[in-house]
Amino acid sequence: MADAPQLKREFDRDGYAVLRGFLPGDELERLRSHTARYVEKVVPTLDRTEAMYEDRNRRETLKHLPRMEDHDPYFSSLLHSDRLVELAEVLMGGPVVPQNVQWFNKAPGQSEPTPPHQDGYYFMLEPNEAVTLWLALDDVDDANGCVRYLPGTHRLGLREHTRSNVLGFSQGVAGYGSQDEASETPIHAKPGDLLAHHSLAIHLADANTTPDRQRRAISLVYYSQRARKDKTKTVSYQQDLHADLVNKGRL
């Protein structure tokens with residue numbers, strides 16, 4: 001990776017880095033094709049917990065597909081691909097452990113804002129060292145909910161989080177105020193662009209307010225090999241979240 005030192009400096013400084021045109025046209029089309037196949041062929045075979053909708057009665061409101069690597073060999077291969085693992089290792093400064101592949105969408109006119117949060121809250125790692133690689137499948141801008149980062153927040157530790165009631169993002173940063181808002185840096189993206197962020201980097205996204213534009217992306221998570229998961233906290237959180245989603249009729 002020729003520009004690895006500069007990329008690492010940017011990531012260490014800001015908590016995120018942007019790689020324009022990371023996926024060339026043929027690879028992008030292959031990813032889009034396999035994603036469409038997964039939605040069409042695999043999703044109908046999955047348990048309800050493996051596909052989240054804004055409105056479960058409307059297929060076009062599909063919002064989140066977790067753990068795709070568990071259900072399809074293409075996405076398992078993608079997660080472990082040399083190029084993505086190498087990138088994650090450059091950013092983490094050492095060996096990483098591939099974790100999962102997820103698909104996210106903000107359907108036009110149907111989505112909610114993504115609350116400001118840190119992925120590390122959900123990961124529950126010690127030390128909290130992980131990277132998320134976010135691959136844009138569509139043009140992404142202010143209108144359809146681009147990612148907004150708060151530069152440097154990865155160096156300030158884990159903020160307190162509270163329940164957000166947003167499907168797929170159950171927690172948001174507590175006490176998020178005007179000083180935080182002033183630091184928001186929107187990142188527009190083209191299909192094939194890659195956004196990488198540290199597990200402690202605060203980020204958020206607005207709703208998709210467009211009438212007809214999707215905002216789809218593939219997200220891949222890699223933990224630093226140094227990190228260890230708190231299994232007790234993880235199980236407790238997942239049980240509480242599942243019960244809440246059932247009570248609200250979202251599962």
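Two strands count as paired when DSSP finds at least two bridges between them. Keep that in mind for the first stops of this tour, and remember throughout that you are looking at a predicted model.

**Stop 1: the sheet**

Switch to cartoon view and pick out the open sheet. Its seven strands come in the order β1-β12-β7-β14-β4-β3-β2, with antiparallel pairing. The edges are β1 (16-19) and β2 (52-53), each of which pairs on one side only.

Start at the β2 edge. Select residues 62-65, which make up β3; this strand is antiparallel to β2, and two bridges link them. Show Tyr53 and Leu62 as sticks and you'll find them opposite each other.

Now step from β3 to β4 (96-105). Here too the pairing is antiparallel, over two bridges. Which residue of β4 is the bridge partner of His64? Light up Phe104 and you have it.

One more step takes you from β4 to β14 (216-224). Nine bridges hold this antiparallel pair together. For a sample, select Gln102 along with Ser219, its bridge partner in β14.

Before leaving β4, color it by accessibility. Seven of its 10 residues are buried, so the strand is largely enclosed by the rest of the structure.

**Stop 2: helices on the sheet**

Select residues 4-14 to bring up α1. This helix packs on the sheet, where it touches β1, β7 (130-136) and β12 (194-198). If you compare directions, α1 makes about 140° with β1.

Next, select 25-42 for α2. This helix lies across β3, β4, β7 and β14, and it runs at about 105° to β3.

**Stop 3: α4 and the cores**

Go to residues 82-92, which form α4, and show the side chains. Leu84, Val85, Leu87, Ala88, Val90, Leu91 and Met92 are its buried residues. Right after the helix sits Gly93, with a positive phi near 70°.

In soluble globular proteins, nonpolar side chains tend to be buried together. The largest nonpolar core in this model has 39 residues, and Leu133, Ile218, Leu220 and Tyr222 have the most contacts inside it. Which element gives the most to this core? That would be α4, with six residues.

Center on Tyr222 for a good look around. Leaving aside residues up to four places away in sequence, Tyr222 touches a long list of residues, among them Leu84, Val85 and Ala88. Others on that list include Leu78, Leu79, Pro98, Val131 and Leu133.

There is also a second, separate core of 11 residues; select Tyr16, Val140, Ala189 and Ala217 to see some of its members.

**Stop 4: a pocket**

Turn on a surface and look for the second largest pocket, which holds about 330 Å³ of space. Its lining has 16 residues, and those closest to its centre are Ala36, Val39, Leu62, Trp103 and Arg216. You've already met Leu62, standing opposite Tyr53.

Both α2 and β4 supply at least two residues of this lining. The biggest share comes from α2, which gives four.

**Stop 5: backbone details in the loops**

Select Glu126 and Pro127 and check the peptide bond between them: it is cis, with omega about -10°. Pro127 sits in the loop between β6 (125-126) and β7.

Slide back to Met124, in the loop between α5 (119-123) and β6. This residue is not a glycine, yet its phi is positive, near 55°. Is Met124 buried or exposed? With a relative accessible area of 13%, Met124 is buried, because the cut-off for that label is under 20%.

Then hop to Arg67, in the loop between β3 and α3 (73-79). Arg67 is another non-glycine with a positive phi, in this case about 50°. At 35% relative accessibility, Arg67 counts as partly exposed.

**Last stop: Gly109**

Finish in the loop between β4 and β5 (114-117), where you'll find Gly109. Its relative accessibility is 56%, so Gly109 counts as exposed.

Which residues does Gly109 touch, not counting those up to four places away in sequence? Select Asn208 and Thr210 to see them. Draw a distance between the C-alpha atoms of Gly109 and Asn208: the two are 6.0 Å apart in space, though 99 residues apart in sequence.

Definitions and conventions: Residues are numbered from 1 along each chain as its sequence is written. This is a predicted model: local features need pLDDT of at least 70, side-chain atom pairs count only at pLDDT 80 or more; totals for chains, interfaces and linings use all residues. Side-chain values use heavy atoms; hydrogens and water are left out. Contact means heavy atoms within 4.5 Å. Axes are lines fitted to C-alpha atoms, for helices over the stretch in contact, and angles run from 0 to 180 degrees between N-to-C directions. Buried means under 20% relative accessible area, exposed over 50%, partly exposed in between (1.4 Å probe, protein chains only). A nonpolar core is a set of buried Ala, Val, Leu, Ile, Met, Phe, Trp, Tyr and Cys residues joined through side-chain atoms within 4.5 Å. On a 1 Å grid over the protein atoms alone, a cavity is a set of points where a 1.4 Å probe fits but cannot get out, and a pocket is an open set with protein on both sides within 12 Å along at least five of seven lines; lining residues have an atom within 4 Å of a point. Grid points are joined across faces, edges and corners, and a volume is the space filled by probe spheres set on the points.
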